[in-house]
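Reader: Could you walk me through this structure before I go back to the bench? I would like to ask about the folds, the contact between chains and the aromatic rings.

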Amino acid sequence: MVERRAFLAVAGTALAGGVLAACGSSDDDSSGIATETGAEQSTAASADVAILNQALAVEQRAVAAYHTAAEHLAGARRATAQHFEAQEREHADALAQAVMALGATPASARDLYAIPSLDDADAVVRFAMGVEQIAIAQYLDLIPKLSSQNLRGTFASILAVEAEHLAVLREQAGQEPVPDAFVRGAT
Amino acid sequence: MIAAPLTRRDALRRAGGVALAASAAPMLVGVRDAFAAARGDEQILRGAVRLEQGLVVTYRTLVASGDLDARAGALARHFGDQEQQHLDVVSKELQTLGGAVPSEPAADLVKAGREALTGVDGQAALLAFAGALEQNAIAAYYEAQQGLQRDEFLRTTAAIMANEGQHLALLREALGRAPVPNAFETGRG
């Protein structure tokens, strides 16, 4: 695709339930969410809702980015993009469910996302790497702001997967996959 | 206490289907339970120092084993260097709290590391052991995220946990498995 700027519709993020369980959460995670739900309209819960929606926006953008990336790739790279898109959807769904568990409404995805010019497969992979770098930086920033300890764990488990995505994408781009001992991302 | 102690069977199961000798279990359990009895930031950081010391010792032993080919050896050396960087930083953070950092890994840790590898033969099993170790480290750091209080320690350990995830992804790949099989990396799966 050679457009200077392409726009795309976001695929829906309302997926099947049970994602918090899929995140490896044990019963203690679920009960943690439920306990926080009981502390209705607390300041801490309100702050967590805002943070969850911020992370949700990151994931919704990532879903859109990988959806577009997959359209521009072929073979193994396409399969990777599709796999990562599915995992970003799982993240988005888990975050949306956590917002609802706190009695709030998940932020809606945008209708359109700006996508840069993607002239070739290498540009697509670089674009995806950029999306992951931003997501990583966002999660690192957000984790300490959460009041819920269970949500911190969930965010860290998502952060680790974004870091894994980045390592795989770097390999595909012919770069050193794990150049830094501390994964910090970039804004 | 922020985590339930892990059974030897749980720890071995995390080798991803490659059979590991029972001698590997104490090291894996030791890493997984690094924070099990920790209360407060200082104790968690002390656990992180011990955990990272264990990883450094293990990767050095893997490299020295002579059982890895050039590519796998380079991977183990690189990961070991990064574990040393983790160790340096968590040691400094522990010192900022007034905690004493042991200059050498604990004797029981060294013993567990040495014994862990005595029953692990061949490159595939060695890489699987490294993967199991990384997975248990991720599980420990996942728990730490739920126990730490200070922002800077949360960020440091989250950045380390993400790096351990990258190590795990490449080790999976080296074993011919999907590098990112799960959408959530908790170290439990």
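Author: What follows is a conversation about the two chains, how they meet, and some of their aromatic pairs.

Reader: Before anything else, what kind of model is this, predicted or not?
Author: This is a predicted model, and local features are taken up where pLDDT is at least 70.

Reader: Okay, so how many helices and strands does chain B have?
Author: Chain B has seven helices and zero strands, and read along the sequence its pattern is α-α-α-α-α-α-α.

Reader: And what does the order of elements look like in chain A?
Author: Chain A has six helices and two strands, and from the N terminus on its elements run β-α-α-α-α-β-α-α.

Reader: How much of each chain is buried?
Author: In chain B, buried residues make up 56% of the 189 residues, while in chain A 52% of the 187 residues count as buried.

Reader: Staying with burial, which residues of helix 2 in chain B are buried?
Author: Helix 2 of chain B, residues 25-32, is mostly covered, with six of its eight residues buried. Those residues are B:A25, B:M27, B:L28, B:V29, B:V31 and B:R32, so an arginine is on the list along with the others.

Reader: Changing topic, how many residues are in contact where the two chains meet?
Author: On one side there are 36 residues of chain B, and they are in contact with 45 residues of chain A. The two chains bury about 3200 Å² between them, and 59% of that is on carbon and sulfur atoms. On the chain B side, B:Q166, B:V180 and B:F184 lose the most area to chain A, together 23% of what that side buries.

Reader: What about charges, how many salt bridges does the rule find across that interface?
Author: The rule finds two salt bridges across the interface of chain B and chain A. One of them is between B:R172 and A:E164, whose closest N and O atoms are 3.9 Å apart. Between the chains there are also 15 residue pairs in polar contact, counting pairs with both residues at pLDDT 80 or more.

Reader: Which helix of chain B gives the largest share of the side that touches chain A?
Author: Helix 4 (70-96), helix 6 (123-145) and helix 7 (151-174) of chain B each supply at least two residues of that side, and the largest share, 17 residues, comes from helix 7 of chain B. By character, the residues on the side of chain B that touches chain A divide into 16 nonpolar, 14 polar and six charged.

Reader: Now the rings: how many aromatic pairs does the structure hold?
Author: Over all chains the structure holds four aromatic pairs. One is A:Y66 with A:F84, where the ring centres are 5.8 Å apart and the planes stand at 85 degrees, so the pair is edge-to-face.

Reader: Why would you say that pair ties together separate parts of chain A?
Author: A:Y66 lies in helix 3 (residues 43-72) of chain A and A:F84 in helix 4 (residues 75-101) of chain A, so the pair ties together parts that are 18 residues apart in sequence. Both A:Y66 and A:F84 are buried.

Reader: And in chain B, how are B:Y59 and B:F79 arranged?
Author: B:Y59 and B:F79 also form an edge-to-face pair, 6.1 Å centre to centre with 85 degrees between the planes. The pair links distant parts of the chain, with B:Y59 in helix 3 (residues 40-64) of chain B and B:F79 in helix 4 of chain B, 20 residues apart.

Reader: Are those two rings buried or exposed?
Author: B:Y59 is buried, with a relative accessible area of 3%, and B:F79 is buried too, with a relative accessible area of 0%.

How values were computed:
Residues numbered from 1 in each chain as written. Chains lettered and ligands numbered in written order. Predicted model: local features only at pLDDT ≥ 70, side-chain atom pairs only at ≥ 80, totals over all residues. Heavy atoms only, no water. Buried < 20%, exposed > 50% of the residue type's maximum accessible area, 1.4 Å probe, protein only. Helix = DSSP H or I, 4+ residues; strand = E, 2+ residues; numbered from the N terminus. Contact = heavy atoms within 4.5 Å. Buried area = accessible area lost by both parts, 1.4 Å probe. Salt bridge = Lys/Arg side-chain N within 4 Å of Asp/Glu carboxyl O. Polar contact = N/O pair within 3.5 Å; in protein donor to acceptor, adjacent residues only side chain to side chain. Nonpolar A, V, L, I, M, F, W, Y, C, P; charged D, E, K, R; others polar. Phe/Tyr/Trp six-rings, centres within 6.5 Å; stacked < 30°, edge-to-face > 60°.
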